[in-house]
Amino acid sequence: MTQISAPGRSYWMDTADFPAFPALTAAEEVDAAVIGGGIAGLSAAWELARAGLSVIVLEADRLAGGVTGHTTGKLTALHTAVYHTLRTEHGEDAARLYATSQSAALRHVIEVAGELGIECDLERRPALTYCVHPDGVDALRAEAEAARAAGLDASFVTETGLPYPVAGAVRVEDQAQFHPLAYLRGLVDDLVARRGRLYENTRVTDVEGGDPCRLTTASGVTVPARHVVVATHHPAFDDALLSTRLTQHRDLVIAGPLPADQDPDGMYITEEGGKRSVRTAPLADGRRLLIVTGEAFAPGSGTDTEAGYARLHAWTERNFPGTEITHRWAAQDNSSTDTLPLVGGLPTAGENVYVATGFAGWGMTGGVMAGRLIASLVTGAGEPWAELYDPRRFGPVVRSAPVFLKAQWDVGKHFVKDRLATLGEGTNGPVGELRPGDGTVVRAGGQPCAVHRDDQGELHAVSAVCTHMGCLVAFNNAERTWECPCHGSRFGIDGEVLQGPALKPLERRDPTDL
């Protein structure tokens, strides 16, 4: 295997010529303020600007540098095996609306790319959900039938382009894949041309509903806006406790060049073996970039992520021998407890605040769908699937009560158990035994303390209490981050917020006090 280029940085981020934007330093009044610069936020901003509204985008870090920058870039309405679940739990109409809305989002990307002349490596490919073990065949036959009933061109097959046999697969024709950041670069350029204003390194810390709404940034700047879109992946402003209806997972990703004649010619995914997702992308030299995803885990669970990468490497070498891995990164997603994304009015925030979250790993079509849906709600145009995704829905939440209750049990368990685990001396390993690159949680002065030893042997210490809702963080040894097991917030080794819903950094501690 070759040297990995910038570990943690995706291929998309390495190859996208994305412009930089300044931080917001003075108040600006607008029709619509969008918080979050991923595909959902930028899609919403572009749709609103196209409708004639004055728009501002406020991103806490870099545009498209969060979840969107670490995606696999699939544009498909086949979302693993969602249609049988939707039909069973929500009914035929819900499954049909879901398929229609996701397919419309796919077509919209193709149309917009053509309209704006965006070169984004857009390719039409079939999407397949497969199983290797015969035990999974019946479930995939049921999924194929449910997807077909929902309106997709779906079939059950036993032959694929993969270099290993499968027991069965759901195949949906005429889906697509693209370079997500190249596409968003085109949207951003057009948004700027429409006088949209974009700001990076501008963290919004408070949203006050009203007419106008008022946003406050970490630097104290206030932005009045008639409408607000919260597209921060996990809702950062959550008086309605949407976080109780979301679960988090994180996937590891590796990528490397593959001879063109070994391209499996499709987008593949299986939930077997810790999950495996495979697609390719075109390279300038005629080869294909193989992108393999898997080893799903819950952030903050203490999973040995380096071991996960090793398993992913071994699987790739076994099935695509000779592939030299040039990139590795990770992607984080959240899922709603009732399967459906949460897109629409943010409960308890007033009539003019909207949210987009819970895409369950399918944020490319989900984010585009959300941008269009929110713009239609703002302008009054409406979409036939607005009620399906409405965060204020009640019936589906009741039907998914067991999943909801398990999610709350897991949060409560972490809140108590992780604290008890730090009480005994040396329970999590004495600081003196920390090897370079490792991290652990200990008690110092009676308080949980997160300690990391860097490659030079220097200690970094911060509070282990997540600033979102007080759960204790755990160390991710591959990405060298602190992660919250309750709602997925992620922090750097010195406590800076990398991913919400947390808005404030972990408080620094003096390593000499340990």
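Two strands are said to pair when DSSP finds at least two bridges between them, and this is the sense in which the word is used in the walk through this predicted model that follows. By that criterion strand E12, made of residues 267-270, pairs with E13 in the antiparallel sense, with 3 bridges between them. One point on this pairing can be located exactly, since tyrosine 268 has valine 278 in E13 as its bridge partner. E12 and E13 belong to a hairpin with 5 residues between the strands, and in that hairpin glycine 273 takes a positive phi near 60°.

E13 also pairs with strand E14, residues 288-297, again in the antiparallel sense and over 7 bridges. Here arginine 279 stands opposite isoleucine 291 in E14. E13 and E14 likewise form a hairpin with 5 residues between them, and glycine 286 in its turn has a positive phi of about 95°. In general, the strands of a sheet pair through backbone hydrogen bonds, in either a parallel or an antiparallel arrangement.

How enclosed is E13 by the rest of the structure? Of its 7 residues, 6 are buried, so the strand is largely enclosed by the rest of the structure. Threonine 280, which lies in this strand (residues 276-282), has a relative accessibility of 1% and therefore counts as buried, the limit being under 20%. The side chain of threonine 280 makes a polar contact of 3.1 Å with the side chain of aspartate 263, and another polar contact, also given as 3.1 Å, joins it to the side chain of arginine 288. When neighbours within four places in sequence are left aside, the residues in contact with threonine 280 include Glu123, Gln177, Leu258, Pro264, Leu289 and Leu290.

From these strands the reader may turn to a helix. Helix H6 runs over residues 180-193, and because its 14 residues should span 20 Å at 1.5 Å a residue, the separation of 20 Å between its end C-alpha atoms agrees with what is expected. Several residues of H6 are buried, among them Pro180, Leu184, Leu187, Val188 and Leu191. The elements that cover the buried residues of this helix include helix H1 (11-15), helix H2 (39-50), strand E2 (55-58), helix H4 (92-116), strand E7 (197-199) and helix H8 (363-379). Just after H6, arginine 195 takes a positive phi of about 70°.

A further sheet is found later in the chain. It is an open sheet of 4 strands in the order E21-E22-E23-E24, and the pairing is antiparallel. Its edge strands are E21 and strand E24 (497-499), each of which pairs on one side only. Strand E22, residues 481-483, and strand E23, residues 490-491, pair in the antiparallel sense over 2 bridges, and glutamate 483 stands opposite arginine 490 in E23.

Valine 473 is placed in the loop between strand E20 (459-463) and strand E21 (474-476). Is this loop residue buried or exposed? Valine 473 has a relative accessible area of 4%, and because buried means under 20%, it is buried. Apart from its neighbours within four places in sequence, valine 473 is in contact with residues that include Val441, Ala450, Cys466, Trp482, Glu483, Cys484, Phe491 and Leu506. Glu483, one of these contacts, is also the residue that stands opposite arginine 490 in E23. The C-alpha atoms of valine 473 and threonine 129, by contrast, are separated by 34 Å, the two residues being 344 residues apart along the chain.

Terms used. Residues are numbered from 1 along each chain as its sequence is written. This is a predicted model: local features need pLDDT of at least 70, side-chain atom pairs count only at pLDDT 80 or more; totals for chains, interfaces and linings use all residues. Side-chain values use heavy atoms; hydrogens and water are left out. Buried means under 20% relative accessible area, exposed over 50%, partly exposed in between (1.4 Å probe, protein chains only). Contact means heavy atoms within 4.5 Å. The expected span of a helix is 1.5 Å times one less than its number of residues. A polar contact is a pair of N or O atoms within 3.5 Å; within protein, one must be able to donate a hydrogen and the other to accept it, and residues adjacent in sequence count only if both atoms are side-chain atoms.
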